[in-house]
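Student: Hey, can we go through this structure together? I'd like to get a feel for it piece by piece.

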Amino acid sequence: MNIQLVIIIAYIFVLFGISMYVKRRTESSSGFLFAGRKLTTPLVAANIAGTAIGAASTIGVSENAFQFGIAAGWYNVAWAAGAVSMALVAAKKYRELNCTTIPELFERYYDKKGQMVAVIGMITIQLVITSLQYIAGGAILSSLLPDIFSLQTGMITSAIVFIGTTVLGGLWSSGLSNILSVSLIYVGILVSTLTIVAKQGGLTAIAAALPPDVDWFGPLGGFGLVTVAGWFAVMMTQTITAQGPVQVACAATSGQVAKKGFLWGALLMLPTGFLCAIMGVVARAAHPAMKATLAMPYMIMGLDPIISGLTLAALWAADVATACHILLAAGTLFTQDIYKRFIQPDINDKKYTLVNRYAILVLGLLTLWLAFNAVGIVKTMMIGLSLTTAFTLVFLFTMFAPQFCRKNSAFYTTVAGILALVAYQFVPAVKALGQPIYIEWVVCLVAFFGTYLFDKEPIANTISIKQEAV
């Protein structure tokens with residue numbers, strides 16, 4: 001236990017050390033929010049991979065595998081598919097447009113009400129995702145050091161580190177931390193998975209100890225094709241317009257660097273999901289009565305103290321990096337699209353950077369409250385990310401088929417998407433129709449083309465959009 005405590009304390013010092021080291025680069029708003037638009041291909045790849053390999057892709061995958069089998073690993077493959085779609089469709093475009101947020105893009109081509117409803121929806125998404133990182137962080141710390149941390153105090157400690165490192169180092173801190181985290185998480189998860197499987201007598205012995213009601217090693221497990229396909233639909237939808245990936249693309253040194261970075265990042269995401277899923281399945285065979293969220297941390301804790309300490313600390317560090325990046329995205333949306341746009345448009349850059357730091361502090365505390373009320377990491381993540389359907393639909397038509405866009409398209413499509421998600425949460429008949437992502441696409445398409453039929457005013461800059469899309 002002393003070894004593991006030393007390791008986790010060392011990680012905290014390293015994370016804050018990185019943040020302090022890069023703080024001098026974050027005195028301007030561009031440096032703080034977009035790393036001065038100087039991210040190279042490896043840094044773009046590390047940033048997007050670190051964003052993906054967080055709570056849902058590790059602890060959440062293991063939690064799902066504990067209940068439904070190794071097919072939970074498809075979640076990370078879906079994330080990789082999303083990164084590829086971003087690389088091929090939008091990453092280069094975002095960098096060349098020199099934009100900062102999707103709501104800013106909406107206002108540029110639509111109107112203020114489209115911008116406002118977009119920023120409200122996108123901030124909500126970022127807060128939901130960040131809250132899930134706290135849950136995973138608490139699960140890791142409470143498993144790593146059960147005599148010191150409960151799940152709740154682990155969540156609070158994680159929040160302090162998440163918020164503190166983000167406020168200090170901005171996107172530069174996230175980028176450099178992700179290089180360390182992604183490297184260590186690969187080594188830690190691979191070594192831990194192989195060791196755990198060997199200790200349990202191999203996959204054959206594990207399969208024999210599992211209940212027969214689930215196809216634990218089947219390609220779809222206990223999920224079904226609709227659920228797995230839904231993950232791909234969500235990830236290929238959200239990656240194009242979620243503020244985190246958009247911010248990484250905008251921070252690249254060029255459009256081509258942004259594109260290549262997302263492709264490299266997709267390759268980095270692929271293996272981790274199935275390795276984490278194996279640990280969840282092994283936990284079900286060895287400890288069927290345990291809490292699913294703790295499956296992966298608990299199994300790792302049974303290993304050699306150095307291996308278990310490094311692996312769980314690497315998972316926690318990756319969780320920190322993901323949370324920092326998403327918190328930064330939420331802060332950017334608030335300061336860029338609400339504070340600077342409506343409260344103090346003439347704010348100077350120094351004060352604007354300070355406002356960003358305060359916004360991250362307040363939003364971070366709000367997400368901690370959300371974390372204590374969230375249930376099911378991947379399930380909650382899927383619901384929150386489904387809301388990006390409206391933004392992705394509007395973005396794609398704006399860039400590649402602007403003749404179908406009307407002045408009110410962004411507003412009505414986004415409102416329809418929000419109302420559909422609310423109905424999914426509270427109306428059983430709507431939930432019975434299937435996964436939220438499918439409902440979102442149908443509703444948003446109807447709203448978009450309904451606006452096209454009844455609103456005759458075209459969007460601004462149609463000619464320039466067509467030229468930019470070539």
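Tutor: Sure, let's talk through some backbone angles, aromatic rings, cysteines, a helix and a few contacts.

Student: Before we start, what kind of model is this?

Tutor: This is a predicted model.

Student: OK, backbone first. What is phi of Ala 35 near?

Tutor: Phi of Ala 35 is near 50 degrees, which is a positive value in a residue other than glycine.

Student: And what sign does phi usually have?

Tutor: For most residues other than glycine, phi is negative.

Student: Where does Ala 35 lie?

Tutor: Ala 35 is in the loop between α2 (29-34) and α3 (41-52). Arg 37 is found in the loop between α2 and α3 too, and phi of Arg 37 is near 55 degrees, again a positive value in a residue other than glycine.

Student: Is Ala 35 buried or exposed? And Arg 37?

Tutor: Ala 35 counts as buried, because its relative accessibility is 0%. Arg 37 is buried as well, with a relative accessible area of 18%; the cut-off for buried is under 20%.

Student: Let's switch to rings. How many aromatic pairs does the structure hold?

Tutor: There are 16 aromatic pairs. One of them is Phe 404 with Phe 449: the ring centres are 6.0 Å apart and the planes sit at 75 degrees, so this pair is edge-to-face.

Student: Why does that pair tie together separate parts of the sequence?

Tutor: Phe 404 lies in the loop between α19 (388-400) and α20 (409-426), while Phe 449 is in helix α22 (residues 436-454), so the pair ties together parts that are 45 residues apart in sequence.

Student: Which other aromatic pair does Phe 449 form?

Tutor: Phe 449 also pairs with Phe 448, edge-to-face, at 5.4 Å centre to centre and with 85 degrees between the planes.

Student: How accessible are those three Phe residues?

Tutor: Phe 404 is partly exposed at 28% relative accessible area, and Phe 449 counts as partly exposed at 31%. Phe 448 is buried, with 0%.

Student: Which residues form the aromatic cluster?

Tutor: Phe 397, Phe 404, Phe 448, Phe 449 and Tyr 452 form one aromatic cluster.

Student: What about charges over rings? Where does the charged end of Lys 113 sit?

Tutor: The charged end of Lys 113 sits over the ring of Phe 411, 5.6 Å from its centre. There's also Lys 340, which lies over the face of Tyr 352 at 4.7 Å from the ring centre.

Student: New topic: how many disulfides does the count come to?

Tutor: The count comes to 0 disulfides.

Student: Why is there no bond for Cys 276?

Tutor: The closest cysteine sulfur to that of Cys 276 belongs to Cys 324, and because it is 20 Å away, it is too far for a bond. For Cys 324, the closest cysteine sulfur is in Cys 250, 20 Å away, so that is too far for a bond too.

Student: Are those two cysteines buried or exposed?

Tutor: Cys 276 counts as buried at 0% relative accessibility, and Cys 324 is buried with a relative accessible area of 7%.

Student: Can we look at a helix? How many residues has α11?

Tutor: α11 has 17 residues. From its first C-alpha to its last it reaches 25 Å, close to the 24 Å expected at 1.5 Å a residue.

Student: Which residues in α11 are buried?

Tutor: The buried residues in α11 include Trp 231, Val 234, Met 235 and Ile 240.

Student: Last bit: polar contacts. What joins Thr 272 and Asn 76?

Tutor: Their side chains are joined by a polar contact of 2.8 Å. Thr 272 is found in helix α14 (residues 272-286) and counts as buried at 2% relative accessibility. Leaving aside neighbours within four places in sequence, Thr 272 is in contact with Ile 53, Asn 76 and Tyr 186.

Student: And where is the place of Thr 100?

Tutor: Thr 100 is in the loop between α6 (91-97) and α7 (102-109), and is buried with a relative accessible area of 10%. The side chain of Thr 100 makes a polar contact of 2.2 Å with the side chain of Glu 104. Leaving aside neighbours within four places in sequence, the residues in contact with Thr 100 include Arg 37 and Cys 250.

How values were computed:
Residues numbered from 1 in each chain as written. Predicted model: local features only at pLDDT ≥ 70, side-chain atom pairs only at ≥ 80, totals over all residues. Heavy atoms only, no water. Helix = DSSP H or I, 4+ residues; strand = E, 2+ residues; numbered from the N terminus. Buried < 20%, exposed > 50% of the residue type's maximum accessible area, 1.4 Å probe, protein only. Phe/Tyr/Trp six-rings, centres within 6.5 Å; stacked < 30°, edge-to-face > 60°. Lys NZ or Arg CZ within 6 Å of the ring centre and 35° of its normal. Polar contact = N/O pair within 3.5 Å; in protein donor to acceptor, adjacent residues only side chain to side chain. Contact = heavy atoms within 4.5 Å. Disulfide = S-S within 2.5 Å. Expected span 1.5 Å × (residues − 1).
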